[in-house]
Amino acid sequence: MTTETGTQGSVTTVYKVSGMSCGHCEGAVSSEITQLAGVSSVKAVASSGEVTVVSAAPLDEEAVRAAVDEAGFELVGKA
């Protein structure tokens, strides 16, 4: 799911990530994705496996996948 938010030039995308089970997992995924260029906020929720990313422009899914892999988890796709 990719949606334009009320802020001009801002895109919100929700990704599904498998393997997150706790706050530490959420922090690891958020930390890696935050390092991608253009990302302004990341909210990971272990219970749903969803990671909401706000960025200046749509992100390259392979870059997001690499960041999630670096954190030790698997990007399933967009929610």
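## Exercises on helices α1 and α2

In α1, the buried residues (under 20% relative accessible area, 1.4 Å probe, protein chains only) are Cys-25, Val-29, Ser-30 and Ile-33. This is a predicted model, where local features need pLDDT of at least 70 and side-chain atom pairs count only at pLDDT 80 or more, while totals for chains, interfaces and linings use all residues. Numbering runs from 1 along each chain as its sequence is written, and side-chain values use heavy atoms, with hydrogens and water left out.

**Exercise 1.** Work out where the buried residues of α1 sit around its axis, and what covers them.

*Step 1.* Look down the axis: the buried residues fall within an arc of 125° (directions from the axis to the C-beta atoms), so they line one face of α1.

*Step 2.* Now check the cover, using contacts (heavy atoms within 4.5 Å): it includes β3 (39–45), β4 (50–55) and α2 (61–71).

**Exercise 2.** Find what Glu-32 of α1 touches beyond four places in sequence.

*Step 1.* Glu-32 touches Ala-67, Glu-70 and Ala-71.

*Step 2.* Take Ala-71: its C-alpha is 6.4 Å from that of Glu-32, though the two are 39 residues apart along the chain.

**Exercise 3.** Count the salt bridges (Lys or Arg side-chain nitrogen within 4 Å of an Asp or Glu carboxyl oxygen) and trace how they connect.

*Step 1.* The count is two.

*Step 2.* Glu-61 pairs with Arg-65 at 3.5 Å, N to O; both lie in α2, four residues apart.

*Step 3.* Glu-62 also bridges to Arg-65, at 3.5 Å, N to O. Shared partners thus put Glu-61, Glu-62 and Arg-65 in one network.

Note on methods:
Buried means under 20% relative accessible area, exposed over 50%, partly exposed in between (1.4 Å probe, protein chains only). Helices (H or I, at least four residues) and strands (E, at least two) are DSSP runs, numbered from the N terminus.
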